[in-house]
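This report looks at the cysteines and the nonpolar cores of one protein. Please keep the sequence and the model in view while reading.

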Amino acid sequence: MAPDHGSKVDISFAGRFTASAIAACFAEITTIPLDTAKVRLQLQKKAVAGDLAGPKYRGLLGTAATIAKEEGAAALWKGIVPGLHRQCIYGGLRIGLYEPVKSFYVGENHVGDVPLSKKIAAGFTTGALAIAVANPTDLVKVRLQSEGKLAPGVPRRYTGAMDAYAKIVRQEGVAALWTGIGPNVARNAIINAAELASYDQVKQSILKLPGFKDDVVTHILSGLGAGFFAVCVGSPVDVFKLRYASSDLYFM
């Protein structure tokens, strides 16, 4: 197969997995406060239906400020431990497997640029496989993030991530760790396909332009394009997944 425009060095699966997991964990640490606020907003829609007092949380930044004021700034990082578990598994697998799966789909005798359809198929496949393995971490993360300020004397349902994993298995069974697997697979497969395929395609197109080479600027431009496409394509299914996550079934 002809060399891909997107890589100058043949990196092993272990190398891709490790680099992807580290990058994903760094992103998780920096963005989880907004993710926690998003989860509270999604869950509130159901809780305040018919409540004349009005919603407790208003807007993403307003929600983050309310959480920090009532529960302390550390509460914005609720779910960080399972969040890091998720990124190590999901982030590592979805990107680490992308190149091998893409190569498998085009075949070893392929010559020239990889068709966009093959890139989409590879992204869809690795996103689905990765979240199928990482679903328990996603479930625990959302459950921990959903707990707000409790009344005095009311104990928290879970004391931490490991306690949550253990209690779910003990009280609901091992299969409960894969609650919501259907919406999760749909969401992450579609978003991963949009993100990785668009990144690959944008980068391939940029490298064909005069003056561009495989450097940081090219990666940043490709990442911006990938983020835009991922949001546009994944937004509808993301809403569906979050609505399901706010249902009683998800919090049994």
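Which residues make up the largest nonpolar core? The model is predicted, so that local features need pLDDT of at least 70 and side-chain atom pairs count only at pLDDT 80 or more, while totals for chains, interfaces and linings use all residues. Residues are numbered from 1 along each chain as its sequence is written, and side-chain values use heavy atoms, with hydrogens and water left out.

A nonpolar core is a set of buried Ala, Val, Leu, Ile, Met, Phe, Trp, Tyr and Cys residues joined through side-chain atoms within 4.5 Å, where buried means under 20% relative accessible area, exposed over 50% and partly exposed in between (1.4 Å probe, protein chains only). The largest such core has 10 residues, namely Leu-139, Val-140, Leu-144, Tyr-158, Ala-161, Ala-164, Tyr-165, Ile-168, Ala-176 and Leu-177. Helices H5 (116-146) and H6 (161-172) each supply at least two residues of this core, helices being DSSP runs (H or I, at least four residues) numbered from the N terminus. The largest share, four residues, comes from H6.

Apart from its neighbours within four places in sequence, Leu-177 is in contact (heavy atoms within 4.5 Å) with Asn-135, Pro-136, Leu-139, Tyr-165, Ile-168 and Val-169. A second, separate core of seven residues includes Leu-41, Ile-67, Ala-75 and Leu-76.

A disulfide is a pair of cysteine sulfur atoms within 2.5 Å, and by this rule the count is zero.

| Cysteine | Closest cysteine sulfur | Relative accessible area |
|---|---|---|
| Cys-25 | Cys-88, 3.5 Å | 13%, buried |
| Cys-88 | Cys-25, 3.5 Å | 35%, partly exposed |

The sulfur of Cys-25 is not bonded to that of Cys-88 because the 3.5 Å between them is too far for a bond.
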